[in-house]
Each structure stands twice: as structure tokens, then as C-alpha cells.
Amino acid sequence: MSLLELRDRIHSREAVLGVVGLGYVGLPLACVFADAGFKCIGVDIQQERVDSINAGRSPIEGEEPGLDELLSKVLRAGGLHAATSYSALSSADVIFIAVETPVDDQHLPDYSALTSVCRMLGPMLKAGALVIVESTLSPGTTDNLVRQELEAASMKQCGVDFFLGTCPERVMPGKLLANLRTMNRVCGGTTPETADAMVELYATVVDADLDPSDALTAELVKTTENAYRDVQIAFANEIALICEATGGDVWRVRDLVNKSPFRSMHLPGAGVGGHCIPKDPWLLASSVQGKDVPLRVIPVARAVNDRMPNHMLELLQSALQEAGRSLRSARILILGYAYLEDSDDVRNSPSAVFIQHLQSAGATAVVHDPYITEYSGNIFTKAQDTDAVVIFVRHKHYLDLDLVRLKRVLQSPILIDGRNIIDPADAMASGFIFRSLGRVIHE
Ligand SMILES: NC(=O)c1ccc[n+]([C@@H]2O[C@H](COP(=O)([O-])OP(=O)(O)OC[C@H]3O[C@@H](n4cnc5c(N)ncnc54)[C@H](O)[C@@H]3O)[C@@H](O)[C@H]2O)c1
């Protein structure tokens, strides 16, 4: 099948699509394409996930507007079927790859999942199939790793017997479907004709600009986007520390800074988590490993953001000291374990880092998170007999906390806010010893 024939099959919706990896990226992607009239085959190595999807239960527990309904709809219409076996992909005209691409302890890419996909997919590739990597990749990976792995596993030649591109996903948990349908995409083909076919395919589901490019550019754009965000957050976090040390209020400062033209200061916070922002800057940096490029900003931003849970511990310790208590053997309630508000995504959770700090100091952590089964439950029951409450996540459940009731059940009235949820005046009026990231609380 030539690319022109593939484009015809896309146009007529006869093209069969495969999605490998049915997580935060792959599941909504499969649902949206199935809803656009394509037959979609989803493949994931987790049997439980596959069973749950086939039964119409999205494995994503956070607030994902429309996803449960869309999954039910496409299953009812027979547009989507999930499996653990790759054999179903032998009929696929297009295969998306959406598996995790983390970094290891040395901040280098761990492509074990991606490589395994290429090796299992290769023998299934039909002639003329188009493979699109949606996973985030270090610049150069499509050409230098994916192409070679697929060619070796399929014994086919890229650009002749099959086609390859990368279209990095831009979604955020909590807005998966909306982001997928309305955000611009960069369609990076290993040939210009491949990029054009990709644009045609994505145009069936995306109502936004679709920019054709080469694969390297698409990889650079995606990793730069997230590295840029990480650097911006690190800057806001550093200003928060400056405000605390000088007696300022970072939230007021930020509001006023952003009144200045062309300034858009980010929000400081208790830590940066998730699968993407903590590792995509390292994916970008790893592309120049061994080359004479003296990177400064990207690693420093990572270090600043990685230290924020430690700073939360400093705030807690200062409040405990004011109350005449010590951290050793204290019981601390942490509100929020997911990395993002109203999400169940716990990857690289800043709360987890904070809990490790607490445990090393001899304290006990009690965790509440309404989106994570093992941590759900009543906040006030969990708060019973704890020595302090530390807010890590801006879940909607914490926005109108009953402070009077909370104080009543605590051993000592200590409240630490890492997300600017609590009005300092309310906390003080309720009698708390209160710390809020980025500002000094004046009596
Ligand atoms: N989560 C996000 O918001 C987001 C946003 C943009 C880009 N991305 C990128 O998209 C990629 C996927 O992220 P995600 O959040 O969907 O990850 P995820 O962990 O939610 O999903 C990955 C899925 O791939 C499956 N998998 C792993 N190895 C497999 C294999 N060999 N064969 C079949 N399935 C396999 C896993 O079981 C899992 O269900 C990553 O590169 C990530 O950086 C994620």
C-alpha cells in the first residue's frame, strides 16, 4: 500500500487503526479515533487494564470529562476493542505508539517499553503501514532508535515498506479529550509525504493547526515545551523563596508582575510531578549528551523544582517549632497524593518525596486523596490525632475546608498550605499556626 492509498483509506474511514499503550494518552486517542468512524484496536500488556476497557470502565480514576461516556459509546458501536496480543495489529493500517518513556536515575531515557513495542510490533507490520509515535522522545530517537528497531524486527525498510513519524501528544490529565481535539499538533514525518499523510489523519479528529514537519523538529518542539514550563515554574518557586525570606507575598507579587506587558509568571507550588514535566527536560538534555554543549538552565530548574517538597518540610518544621513540638514521632496529615488537582495520576508525586522526608525524620505520614482508593476517606477522620495538616494538591475537595472543624480534631493547630488554597486571614482567625508557601503571615 502506498501513502496515497493509505490517505484514501483514511478519507473513507476504511483504515484500521491500532493504538499500543492504553494509558492517559492511548485510551482517549483510541476513543476519539473510534468516534470519528475508524475501527480501532487497542493493545496493552496489562490484562486488567484491557479487561476494564472492554467492559466499558475507564481505568483513569480522576475527573476526565466525557471519557467514560465516549468509551461506552465506541464500545457499543463496535469501534474499539482492546487486547493484550499484538497479533490483531497485523490488519492495522496505522499504529500509534503511546507507551511510557521515563528517565532513569542518571536522568537518561529509559526506552525499554518503546523498544519492546518495536520488537513485538515489527513482525506484525503489514506492507505500507504507518507507525506514529505519540510518546515523548528525546530529539533524534525516531530516526536513531525507532526506525532501526522497527526495520530490524519487521525486516522491512522504512520509507519503502512501511512509514514512520512522530506526533507528540500535548494532553494534560483532567482535560484529555478536550486537549486532544482542540490543541495544535506537530506532525513529524520521516519524509515530507509521511508528514502530509499524518496531517490528513489527525485532521479527522483535531480541530486546530496541524503543522507538518520532520521528526526531529517535532521531538524538539515537544521536549522544549515542557522544559520551558519547568524552567518557568522553577523561576516562580525561586521568587516564592525570595518572598518568604524578605517578608513579601509571592501571590501578590505575581499578580502585579503579570500586569506588566509580556510577563506571564507561573505559579509556585509544593513540587512538580507527573510523568512529563519532571522528565521531558532530561529527554531534551540527553540529546546532547557527549556533545560539547554546556547545559546550565535546564538542570538547575530541575534541581529547584525537585527541592520544593524539602522546602515544605522546612515550613512544617518551623510551625512545629512555634508550637513547641518536634517532627520526630509526629503524625502528619498530607492532603493530596496525585501530582495534579482532581487527577489520580501519582507518577513522580511530590507528596511521595515529602513522605520520604517525614519518615527519615522519624515522623508518620497519614495521607488523604479522594481520587486514590487507598488514600480516600473522610478528611476529618484521618485528621483525628494528627499533629499538622500539609496541603500538597489543589483538589476541589480542599477548596472550602471547614477550618474550625479541622482544628478541633487536630492534636496541635498547624496548617501548611503549599498551593495557595487557604486565605491566611481565615487560617489565623481559626487559630492555626499557619504557613503558606511564598509568603510571610503577619498576625
Ligand atoms: N500523561 C500525559 O498527560 C502525557 C501528555 C503528553 C505526552 N505524554 C507522553 O505519552 C507517553 C505515554 O504516557 P501516558 O501518560 O499515557 O503513560 P501511561 O503509563 O498512562 O500509559 C502507558 C501504557 O503503555 C502500556 N505499555 C507499556 N509497555 C507496553 C508494551 N510493550 N506493549 C503494550 N503496552 C505497553 C502500559 O501498560 C500503560 O498502560 C509518554 O511518553 C508521555 O511522556 C503523556
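Analyst: Two strands count as paired if DSSP finds at least two bridges between them; strands are DSSP E runs of at least two residues, helices H or I runs of at least four, numbered from the N terminus. This is a predicted model: local features need pLDDT of at least 70, side-chain atom pairs pLDDT 80 or more, while totals for chains, interfaces and linings use all residues. Numbering starts from 1 along each chain's sequence, and side-chain values use heavy atoms, without hydrogens or water.

User: What is the strand order of the open sheet?

Analyst: Eight strands run β3-β2-β1-β4-β5-β6-β7-β8, with mixed pairing.

User: What makes β3 and β8 edge strands?

Analyst: β3 (80-83) and β8 (210-214) each pair on one side only.

User: How do you know that β2 pairs with β3?

Analyst: Four bridges join β2 (residues 39-43) to β3, and the two run parallel. They count as paired because the cut-off is at least two bridges. Gly42 has Ala82 of β3 as its bridge partner.

User: Why is the Tyr86 pair with the ligand called a polar contact?

Analyst: A polar side-chain atom of Tyr86 lies 2.6 Å from a ligand nitrogen. A polar contact is a pair of N or O atoms within 3.5 Å, so this pair qualifies. A side-chain N or O atom of Lys279 is 2.7 Å from a ligand oxygen, and a backbone N or O atom of Val99 is 3.4 Å from a ligand oxygen. Both pairs therefore qualify too.

User: Which helix gives the largest share of the shell around the ligand?

Analyst: Helix α5 (residues 112-121), with four residues.

Notes: Polar contact = N/O pair within 3.5 Å; in protein donor to acceptor, adjacent residues only side chain to side chain.
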